[in-house]
Amino acid sequence: MRHLIDLDAMPMNELDELLHFAGRIMDKPEYYFDSCHGRLMATLFYEPSTRTQMSFQAAMLKLGGRVIGFDNPSNTSVSKGESLKDTIRVVSNYTDIITVRHPLEGSAKASAMFSRVPVINAGDGGHLHPTQTLTDLFTLQKTKGTLKGMTIGFCGDLRNGRTVHSLIKALIKYKTNRFVLISTENLMLPSYIQRAIERAGCEYTCCNNLAEALPELDVLYMTRIQKERFASPEEYEAQKGVYVLNREKLKNAKYGLKVLHPLPRVDEIALDVDDDPAAVYFDQTEYGMYVRMALILNMLDGSRKFIDPQRESNSKKGCTNPRCITISEAYLPHLLSRADGKIVCEFCDHEQQ
Amino acid sequence: MRHLIDLDAMPMNELDELLHFAGRIMDKPEYYFDSCHGRLMATLFYEPSTRTQMSFQAAMLKLGGRVIGFDNPSNTSVSKGESLKDTIRVVSNYTDIITVRHPLEGSAKASAMFSRVPVINAGDGGHLHPTQTLTDLFTLQKTKGTLKGMTIGFCGDLRNGRTVHSLIKALIKYKTNRFVLISTENLMLPSYIQRAIERAGCEYTCCNNLAEALPELDVLYMTRIQKERFASPEEYEAQKGVYVLNREKLKNAKYGLKVLHPLPRVDEIALDVDDDPAAVYFDQTEYGMYVRMALILNMLDGSRKFIDPQRESNSKKGCTNPRCITISEAYLPHLLSRADGKIVCEFCDHEQQ
Amino acid sequence: MRHLIDLDAMPMNELDELLHFAGRIMDKPEYYFDSCHGRLMATLFYEPSTRTQMSFQAAMLKLGGRVIGFDNPSNTSVSKGESLKDTIRVVSNYTDIITVRHPLEGSAKASAMFSRVPVINAGDGGHLHPTQTLTDLFTLQKTKGTLKGMTIGFCGDLRNGRTVHSLIKALIKYKTNRFVLISTENLMLPSYIQRAIERAGCEYTCCNNLAEALPELDVLYMTRIQKERFASPEEYEAQKGVYVLNREKLKNAKYGLKVLHPLPRVDEIALDVDDDPAAVYFDQTEYGMYVRMALILNMLDGSRKFIDPQRESNSKKGCTNPRCITISEAYLPHLLSRADGKIVCEFCDHEQQ
């Protein structure tokens with residue numbers, strides 16, 4: 001049995017096969033209508049995310065499977081004080097596969113420890129969201145025809161955007177890509193990801209003006225900068241237009257540019273861009289459904305396992321990350337020695353002080 | 001591709017065929033068990049309406065299709081500031097047909113503009129609710145055997161009841177019907193609908209006492225008068241019993257009378273009426289399910305379209321109706337010249353000042 | 001047509017057949033994948049209970065049926081003042097079977113009165129919850145191989161725990177069982193159930209220490225004692241550990257002990273018990289799904305009935321139990337003379353003063 005918690009852990013050949021399989025399903029969805037007949041998926045959404053939940057539900061239902069779940073933690077046994085462990089053990093008795101979304105980091109990994117069926121991470125706090133990255137990769141492959149040799153711009157809040165971090169970490173595996181990082185000074189990509197780009201032998205440049213960067217881009221990945229992320233209200237007023245894409249700016253774009261966005265967008269892409277051939281952010285959601293169909297089919301192999309005897313918590317205190325699942329679920333073991341000798345949390349990957 | 005936004009726009013021969021088809025499904029529902037195999041419906045309920053949502057869900061599921069959706073706007077991407085347009089474009093990538101319910105007038109028409117799949121209006125504010133009218137018509141046809149030549153009483157709040165307005169507009173097309181409008185003075189049917197009845201060559205009389213009107217009615221369509229709609233608390237106390245149907249009043253009813261109600265009822269129909277053969281308001285909900293099954297099957301022809309390039313908004317200011325969808329979704333074009341030279345909103349039909 | 005309101009009303013041979021049938025389904029679930037093809041279940045949850053709702057949904061979906069329903073009363077027509085009667089009559093027009101959970105006692109019985117399809121009680125306030133008891137019985141049969149001749153401990157709040165009351169009432173029918181009642185003085189099993197044990201010819205002993213009782217138990221049924229149920233905060237501090245099961249206490253358990261719990265558990269069972277072979281409380285939820293599958297299949301015989309003309313309420317005042325459904329639904333008839341001459345409520349079984 002295999003879970004999908006962190007896309008980084010998926011070998012590249014498997015990733016390529018998965019994207020290829022998604023393409024086959026997209027070509028002939030009717031061949032797969034009944035491939036999950038009799039199978040049941042749980043969508044456990046401890047925080048609401050209608051978009052993601054509907055995408056998973058649509059994927060499973062189009063495969064002929066069925067779905068149960070919740071989207072409102074206040075209605076669940078959780079509100080009676082039940083631990084994540086107990087909920088997962090029970091739900092994995094009812095279902096064949098579980099998707100879990102949770103506001104705490106590391107929660108998906110914790111879920112996988114106690115599940116008798118495969119677990120898909122549908123977003124664990126600000127930590128990981130691997131099916132969004134799969135969606136982005138599949139969109140690139142379908143609209144650009146390749147995942148290699150491109151100049152890819154990332155625009156917006158690059159410091160806090162987990163989808164940006166994950167997509168860059170995936171794209172550097174395809175060596176020949178080049179990155180243009182478009183943001184304000186204090187919303188720049190974290191330095192550890194900049195180092196990762198360098199180590200992978202890829203190039204990148206930084207830039208604080210979308211219009212200037214556009215002419216060299218094959219792909220533009222837009223994200224939103226929340227008003228409160230700017231250094232000051234004055235800077236917000238001065239800068240905001242610089243990070244908004246509109247039809248005027250598109251005039252100088254390279255031929256064949258594709259614009260992606262994880263959605264929902266607010267106003268970082270003007271409405272007049274929506275019908276430009278460059279805009280693929282709505283199609284992106286459809287690609288996301290097909291790649292989730294491929295993922296579900298790959299993970300459902302019908303086998304059930306019995307849970308390994310529980311390892312005891314190996315630390316008296318929780319992780320030093322206040323947003324880590326080990327804070328609320330005290331029974332979890334959580335400290336690991338990393339190769340470099342640092343102590344890290346097994347669930348949220350946070351380096352302990 | 002066709003949407004159902006306003007029943008008025010449906011040609012009469014199509015309406016008749018639809019009601020006939022609903023009858024065929026009701027006779028042999030098992031023939032249609034798998035007719036939507038592999039098809040997916042979205043129920044996007046921006047305001048809760050369990051009754052209507054369950055009716056659509058039951059209809060789709062009984063056809064062998066599947067359903068995704070939401071009923072709680074606070075859980076949706078909408079709460080993150082997403083426009084109706086974006087939500088519809090995304091959801092129409094996942095599904096084959098969309099039903100939308102929204103508190104703002106004109107929202108269903110706006111949804112249809114941006115959907116790649118057929119849209120059914122499941123109620124847009126106080127504006128239109130065409131599947132309720134289909135339900136009412138089908139109920140009349142099944143319980144009276146005809147849609148013509150009847151004396152039909154409408155009782156309650158005729159000024160604000162959109163189901164009453166829509167049903168009258170549909171019934172006047174069948175020329176020979178006669179209407180008895182039973183309400184207080186200030187809850188009388190709006191004069192523009194009274195004019196429409198006259199123009200269609202139908203008769204109507206007004207009346208403020210249900211008991212007096214009953215002996216001449218073939219059909220009684222009951223609705224609720226909310227307490228706060230009466231001119232004063234004193235008038236409420238004096239009048240309330242006049243607009244309540246009970247077994248006592250039924251004694252003077254014409255043989256074969258049928259009583260309809262859009263439900264939920266509160267106390268405008270006494271419980272002792274429920275088991276009288278005249279009471280068809282519970283059966284009405286079942287008829288509603290079959291007519292929705294017919295509608296879904298008719299609309300699902302499997303074709304997808306690409307969205308027309310967006311028309312730009314043709315006005316700097318929104319519609320003068322504060323409950324119109326163009327107020328919250330500023331990108332919508334919305335002003336039209338009507339045949340009589342008046343300027344009206346394209347979405348809520350409101351006459352501009 | 002048959003409803004399941006109170007397990008006590010089910011003849012023993014039918015109960016045995018149902019458990020046997022659940023076992024057959026569990027052995028070969030794939031044989032039953034399409035046995036409810038084309039059938040629709042409603043889950044009407046007037047109070048949230050995700051665990052129970054997911055169990056019913058999983059059961060119906062695994063049989064090839066479909067599910068509609070709600071879990072949030074504030075989103076329903078109920079919030080517009082609709083009576084339970086009207087909701088049930090409408091929903092029974094859409095569906096083939098209804099499960100209802102409601103905070104008021106007697107509500108399931110009231111629902112059954114007005115439903116055209118079979119009704120399953122999924123919990124009516126603190127009154128009855130028959131499918132939990134079926135789950136408990138099936139778990140015992142699967143894990144102990146019998147329902148007879150065992151020494152069964154019940155630990156925790158025995159006064160208020162409806163699952164405890166129901167399970168004891170079921171187990172005393174299998175004559176040769178013996179009960180050990182482990183609780184504080186003021187959370188002891190109600191005397192009328194103690195009397196029922198005696199009348200059935202079964203033995204029981206009372207005890208206030210779990211560790212002392214363990215060595216003689218074949219089965220331990222754990223429940224939670226809420227902190228506020230103790231006589232005083234001091235007593236809580238002094239006593240709480242006495243009613244918690246942990247690995248240490250298990251060392252003295254009889255070979256083959258099985259521990260059940262209706263879940264969710266909070267801290268009355270320590271986490272270190274979870275992986276002991278005695279712990280069957282997680283498996284119990286899976287058994288619950290299979291017994292619900294058997295129940296649904298048994299109850300769905302496809303016939304619809306027309307509602308009997310309504311009996312009028314036979315009392316001017318409601319039941320004296322303030323948590324009875326007849327308080328909010330005043331149209332219900334509700335007073336019965338019992339064999340012993342006492343007047344009881346027909347819905348919540350409360351003895352009138």
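Contact here means heavy atoms within 4.5 Å. With that in hand, on to the model. This is a predicted model, where local features need pLDDT of at least 70 and side-chain atom pairs count only at pLDDT 80 or more, while totals for chains, interfaces and linings use all residues. Residues are numbered from 1 along each chain as its sequence is written, chains are lettered from A and ligands numbered from 1 in the order in which they are written, and side-chain values use heavy atoms, with hydrogens and water left out.

**How the copies sit**

Only 7% of the interface residues of chain B are also interface residues in chain A, so the copies meet through different surfaces. To lay chain B on chain A, turn it by 120 degrees and shift it 0.1 Å along the axis; the RMSD is then 0.1 Å (least-squares superposition on the C-alpha atoms of residues with pLDDT of at least 70 in both). The two copies are therefore related as by a three-fold rotation axis. Within chain B, Arg66(B) has the C-alpha nearest that axis, 5.1 Å away.

**A helix pair between chains A and B**

Helices (H or I, at least four residues) and strands (E, at least two) are DSSP runs, numbered from the N terminus. Helix 11 (residues 281–299) of chain A and helix 3 (residues 84–94) of chain B have axes that come within 8 Å and cross at roughly 35 degrees. Axes are lines fitted to C-alpha atoms, for helices over the stretch in contact, and angles run from 0 to 180 degrees between N-to-C directions. On the helix 11 side, the residues in contact include Phe282(A) and Met289(A); on the helix 3 side, Arg89(B) and Tyr94(B) are among them.

**The sheet in chain C**

Chain C has an open sheet of five strands, paired in parallel in the order 7-6-5-8-9 (a pair needs at least two DSSP bridges). Strand 7 (203–207) and strand 9 (258–260) of chain C are at the edges with a single partner strand each, so one side of each has no neighbour in the sheet. From one strand to the next, the twist averages 20 degrees. Five bridges join the parallel strands 5 (residues 151–155) and 6 (residues 178–182) of chain C, and Cys155(C) stands opposite Ile182(C) in strand 6.

**Charges over rings**

A charge sits over a ring if NZ of Lys or CZ of Arg is within 6 Å of the ring centre and within 35 degrees of the ring normal.

| Charged residue | Ring | Distance to ring centre |
|---|---|---|
| Arg292(A) | Phe56(A) | 4.8 Å |
| Arg292(B) | Phe56(B) | 4.8 Å |
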